[in-house]
Amino acid sequence: MKEDLVLPATRETRADTAPEPLLEVSGLVKHFPVKGGFPIRRTVGAVQAVDGLDLTVHAGESFGLVGESGCGKSTTGRLITRLLEPTSGTITYRGQDISHAGRRQLAPIRSEIQMIFQDPYSSLNPRQTVGKIISGPMEINGISPEGGREKRVRELLETVGLNPEHYNRFPHEFSGGQRQRIGVARALALEPKLIVADEPVSALDVSIQAQVVNLLQQVQKDLGIAFVFIAHDLAIVRHFSQRVAVMYLGKIIEVGDRDSIYARPRHPYTHALLSAVPEVTLTEEDSPQRERIRLAGDVPSPISPPSGCRFRTRCWKAQDKCAAEEPPLIQLSGNRNGHLTACHFPEDPTTEAREEDIVLDPALAALEEDRN
Amino acid sequence: MTTVTKAEGAPAPAGPEGFLSVRDLQVTFSTEDGPVKAVDGLSFDLHRGKTLGIVGESGSGKSVTNLTILGLHDPLFTTIDGEIVLDGKELITATEKEMEKLRGNRVAMIFQDPLTALSPFYTIGRQIAEPYMKHTGASKKAAWERAVEMLAKVGIPHPKERARDYPHQFSGGMRQRAMIAMALVCDPDLLIADEPTTALDVTVQAQILDLLKDLQREFGTAIVFITHDLGVIADMADDIMVMYAGRAVERGTVDEVLRSPQHPYTWGLLNSMPRLDSDLGTPLSPIPGSPPSLLTPPPGCRFHPRCTFRDRVDGDRCVTERPLLAPDRSSACHLGAEQKRTIFIEEIRPRLG
């Protein structure tokens, strides 16, 4: 009964012909209050986890969100699924504004937007059988598929590569990779149109990661589901997503299709991020060397982010303008359509080695100075 | 790793050489479910000033090996056999007092999670100064100055003031820098780094890795670098040892292991990992199945249940016979040398893009 899982053809054709976005987010802001003081605890500040975010996800596409910890990518995922309520801004799902929608209003949409969580050990209820976990969403939404829920669960288990006989087992009987497959099956149970996958493979071993990535890719292709793929691993995001957005301190600093972001990045942070990825070089010696950029220090606190461009405190090109004026997210000249960058002084669109490495870290610079 | 004279898995290894040499190490934990052989007949050598990278998945025994070198296992539940010789000194039979003199002094360790490895009760400066006082007999003041000097060396801004801070006042990257300062304060000959950058962001990871490399050049420390990330290993190590289910399955220099790997498990790792320049059209080829339980490890080659090349070995040697790992460049696999080369060139290499 695998045919059941193939979604109506109309959905796919619509994705091709009508570029109408599935999900549109504009000016999204989420501030978490910081309380302090005694005896009366007042709000003394705010963690500006997400601060003015615009993004669009089209039907059937895979949209990657990369960034370091604390950049707000997980918060964004939770806002899109409306597990969190945005402080301001709008989230539009298929033309319907859901940014502040109530429980009742959200109910039909909830089944169309599903989530896959990072930790397969804490995202499955240890006291429920796999069958119960996967049929849970159907039960809540009062869906009884043809042939009964149990049959559907068995189909789903088969889709994600698990033995349908394991219907009555408990999560602890499965390995990490298998548990993540259960999480995927649960997300697929309601035939969603959008899945938000928050670091779906980072808790898994290297040899297992590929299994789950392949499964997600298979699901995405076969069922035409749109994905928001949140991860910190740049190579995996590149492998999985057609469009990629790079986040830094609650903002998107660069967004574009995969090839432009990875081969022709313009924002200095994207350059730094790509150059920091440790890579196994399998190519021959004479292939072009990658540039080497070593930033100094860590990401600043999102409680008091820098003024203007948020990356300026770690940027080697920062000037007065960067502190005074926030760079808009625009298409720079020479960039492909849809490749937007928020930078006053963008870099050249290449990732090849420069004449001189950029080493901002004082300790590294000192040690390397000594050697030369 | 050039002087092992007998193959791994074979009994009675010959006289060790090199700065650190481990011979036929066996570590068994007794658990409620029965004995778990976490490390099974491991041998390797490390020379001064060199870096040995140990790669493997969780449960492959890479961390257990290194905790054994430091003598950090509970003797009540652990049986250790074999030989660990550091600069002519046998460590397995060493008394606790002797080990105490060694730890933090000649052998130091950097742990994965600096927040749990640092004490929340003491200032960073004090935690760095303490081993220095203990091992060199320096005065409190001299040790404090040394701590500040080390913090400056690892790139903590305003080290004088920051030495008085507590770990929670440091960011993740700075804590790991403080851990490195603490590990290097007594100028150790051997540094064991157990996944030192796994908890860090990429840009910070790049800083820390470069810092470790530069400090190694300056201090001439030998490093055992444990990680699951082949990219990090490629960046850091001189030699690589790939571990699977408690055994080493392949070893060689970085170039040898990464550019012409010979073991099906290493092929699997390389094939299952996307790279920034890999071909986008081809799906990843994961290793089927999952790592075995060490309570009931598979007989013969421990990788055989997941191995896609098993049928190319005649008979059932994979199931019955443990493949030996020769010293130097080698892989523990029953496939013939010529077979390995052709499989890699014809079937594995093209898929790597």
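Arg317(B) is partly exposed, at 36% relative accessible area. In this predicted model, Arg317(B) forms a salt bridge with Glu321(B), with 3.6 Å from N to O. Glu321(B) is also partly exposed, at 37%. So neither partner of this pair counts as buried or as exposed, since buried means under 20% and exposed means over 50%.

Let me stay with salt bridges for a moment. Over all chains there are 48 of them.

Take one in chain A. Arg152(A) pairs with Glu155(A), and the closest N and O atoms are 3.7 Å apart. Both residues belong to helix H5 of chain A, residues 149-159, and they sit three residues apart, about one turn of the helix. Are these two buried or exposed? Arg152(A) has a relative accessible area of 7%, so it is buried. Glu155(A), at 11%, is buried too.

Now one that spans more of the sequence. In chain B, Asp87(B) and Arg48(B) meet through their side chains in a salt bridge, 3.2 Å from N to O. The two are 39 residues apart, and the pair links distant parts of the chain. Asp87(B) is in the loop between strand S4 (78-86) and strand S5 (89-90) of chain B. Arg48(B) is in the loop between strand S2 (34-46) and strand S3 (51-55) of chain B. On accessibility, Asp87(B) comes out at 37%, partly exposed. Arg48(B) is partly exposed as well, at 48%.

Next, the interface. In contact terms, 53 residues of chain B meet 45 residues of chain A. The two chains bury about 4200 Å² between them, and 56% of that is on carbon and sulfur atoms. Which residues of chain B lose the most area to chain A? They are Arg259(B), Leu276(B) and Leu280(B), together 18% of what that side buries.

On the polar side, 17 residue pairs are in polar contact across the interface of chain B and chain A, counting pairs with both residues at pLDDT 80 or more. Several helices of chain B give two or more residues to the side that touches chain A: H7 (172-184), H8 (202-219), H9 (230-236), H10 (254-259) and H11 (264-271). H8(B) gives the most, with twelve residues. By class, that side of chain B has 24 nonpolar, 15 polar and 14 charged residues.

How many salt bridges are there between chain B and chain A? The count is three. One salt bridge joins Arg294(A) to Asp210(B), where the closest N and O atoms are 2.6 Å apart. Arg294(A) and Asp210(B) also belong to a network of salt bridges. The other members of that network are Arg292(A), Asp357(A), Glu368(A), Lys213(B) and Asp235(B).

Two single residues of chain B next. Glu57(B) is in the loop between S3 and helix H1 (62-69) of chain B. With a relative accessibility of 2%, Glu57(B) counts as buried. What does the side chain of Glu57(B) make a polar contact with? The partner is the side chain of Tyr265(B), at 2.8 Å. Leaving out residues up to four places away in sequence, Glu57(B) touches Asp205(A), Val206(A) and Ser207(A) in chain A. In chain B, under the same exclusion, Glu57(B) touches Lys62(B), Tyr244(B), Tyr265(B), Pro291(B) and Arg306(B).

The second residue is Gly300(B), in the loop between H11 and helix H12 (317-320) of chain B. Gly300(B) is buried, at 11%. The contacts of Gly300(B), apart from neighbours within four places in sequence, are Arg247(B), Cys318(B), Val319(B), Thr320(B), Glu321(B), Arg322(B) and Pro323(B). Glu321(B) is thus in contact with Gly300(B) and in a salt bridge with Arg317(B). From Gly300(B) to Arg275(B), 25 residues apart along the chain, the C-alpha atoms are separated by 33 Å.

Last, the cysteines. The disulfide count is zero over all chains. Why does Cys309(A) not form one? Its closest cysteine sulfur is in Cys322(A), 5.9 Å away, which is too far for a bond. Cys309(A) counts as buried, at 10% relative accessibility. In chain B, the sulfur of Cys307(B) is 6.0 Å from the closest cysteine sulfur, in Cys333(B), so that pair is too far apart for a bond as well. Cys307(B) is buried, with a relative accessible area of 17%. The cut-off for a disulfide is 2.5 Å between the sulfur atoms.

Definitions and conventions. Residues are numbered from 1 along each chain as its sequence is written. Chains are lettered from A and ligands numbered from 1 in the order in which they are written. This is a predicted model: local features need pLDDT of at least 70, side-chain atom pairs count only at pLDDT 80 or more; totals for chains, interfaces and linings use all residues. Side-chain values use heavy atoms; hydrogens and water are left out. Buried means under 20% relative accessible area, exposed over 50%, partly exposed in between (1.4 Å probe, protein chains only). Contact means heavy atoms within 4.5 Å. Buried area is the accessible area (1.4 Å probe) that two parts lose on being put together, summed over both. A salt bridge is a side-chain nitrogen of Lys or Arg within 4 Å of a carboxyl oxygen of Asp or Glu. A polar contact is a pair of N or O atoms within 3.5 Å; within protein, one must be able to donate a hydrogen and the other to accept it, and residues adjacent in sequence count only if both atoms are side-chain atoms. Helices (H or I, at least four residues) and strands (E, at least two) are DSSP runs, numbered from the N terminus. Ala, Val, Leu, Ile, Met, Phe, Trp, Tyr, Cys and Pro count as nonpolar, Asp, Glu, Lys and Arg as charged, and the others, Gly among them, as polar.
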